[in-house]
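Biologist: Please take a close look at one part of this model for me. I would like to see what it packs against, and what lies around it.

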Amino acid sequence: MAFRRWNALRFSILRYYGAHLVQPGRSSTQFGFGKLARADRYKLLVALVVPRPIALVTTLGPKGIVNAAPFSFFNVLGDDPPIVIVSVDLTSTGSIKDTARNIAANKEFVCHIVDEPIAEQMHGCAVEAPDDVSEVDLVGFTTAPSMQIKPPRIVEAPVAMECVLHSNVDMGTRNLFIGRILQLHVRDGIIEPQTLRRHDGAFKPIGRLYANRYCKLGEEIAFDSNQYVEAMKRMGKA
Ligand SMILES: Cc1cc2nc3c(=O)[nH]c(=O)nc-3n(C[C@H](O)[C@H](O)[C@H](O)COP(=O)(O)O)c2cc1C
């Protein structure tokens, strides 16, 4: 009886504050997100959800100046329709980032995948530049016209996806811009035209860790799942 009461108390403490939950052979630290400060949630997520792909996004500003900024709360989330999502926060002073303003106004943007040769320039594009300064010029990128939308693409990027806005989910501090990909540019030599597979070693994308820390693509590993199919057969389930 006393043990049951203690256990109930232990679990309500765990749920409420987050604590060390000891299971046989392993322990873990619990974080109830409802009780965490936003900055701490961010810190934990960017420390642990790694590596994140990076979209270097170009948009057109109100005066026609090309804006470029990197976003690692980004991913491709569908192929039918082909969908990307970019999550744009407010600035540290609570104003709307240029990328968010431009996508909301023009409904068009280009997502570039960042590789090692352009990583440092991409990082430079995160500076808060005034409206009349293009990050593209600041870091020395070259642009070329897009094929289906007005914002241009960055020539130095190995991959560029021309997108139109599918929808915008307003999350309060963040806007989740869901984009439909209209056109994909891939630098020659990366994709094998017959198979549409990537040539080994021809593409060196980088991933975001946190702050100014990035990672390179490591050694590739492959697995064979036959042993599990065999196990299902032995169980009479396949
Ligand atoms: C690698 C990297 C990833 C970033 N990811 C995001 C992100 O996912 N969302 C966001 O709001 N800001 C992100 N930032 C910060 C923006 O790039 C930065 O606020 C930038 O100045 C926004 O520019 P803009 O006002 O021209 O849109 C990231 C910065 C870096 C360097």
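Modeller: The buried residues of α3 pack against six strands: β3, β4, β6, β7, β10 and β11. Keep in mind that this is a predicted model. Which residues of α3 are buried? They are Asp98, Thr99, Ala100, Asn102 and Ile103. Just past the end of α3 comes Lys107, with a positive phi of about 60°.

Now turn to the ligand. Its shell holds 17 residues. Asp98 and Thr99 are among the closest, together with Ala69, Phe73 and Asp89. So two names come back here: Asp98 and Thr99 are buried residues of α3, and they are also among the closest to the ligand. The helix α3 (98–106) gives at least two residues to the shell, and so do β4 (66–71) and β6 (82–88). β4 supplies the largest share, four residues. Sorted by class, the shell has seven nonpolar, five polar and five charged residues.

Next, follow the strands that α3 packs against. Start with β3, residues 55–60. Six of its six residues are buried. In a regular strand, side chains alternate between the two faces of the sheet. In β3, one side carries Ala55, Val57 and Thr59. The other side carries Leu56, Thr58 and Leu60. Both faces of β3 are covered.

β3 has two partners to look at. With β4 it runs antiparallel, joined by six bridges. Val57 is bridged to Ala69 of β4, and Ala69 is one of the closest residues to the ligand. The two strands form a hairpin, with five residues between them. Gly64 sits in that turn and has a positive phi of about 85°. With β7, β3 also pairs in the antiparallel sense, over four bridges. There, Ala55 stands opposite Ile113.

From β7 (residues 108–113) the path leads on to β10 (residues 159–170). These strands run antiparallel and share six bridges. Phe109 has Cys163 of β10 as its bridge partner. β10 then pairs with β11 (residues 175–186), again antiparallel, over 11 bridges. Glu162 meets Gln183 of β11 in one of the bridges. β10 and β11 form a hairpin too, with four residues between them. In its turn, Gly172 has a positive phi of about 95°.

Put the pieces in order. β4 pairs with β3, β3 with β7, β7 with β10, and β10 with β11. Buried residues of α3 pack against each of these strands, and against β6 as well.

Terms used
Residues numbered from 1 in each chain as written. Predicted model: local features only at pLDDT ≥ 70, side-chain atom pairs only at ≥ 80, totals over all residues. Pairing = 2+ DSSP bridges. Near = placed C-beta within 6 Å. Nonpolar A, V, L, I, M, F, W, Y, C, P; charged D, E, K, R; others polar. Buried ≥ 20, exposed ≤ 12 C-beta atoms within 10 Å, placed from the backbone. Contact = placed C-beta atoms within 7 Å.
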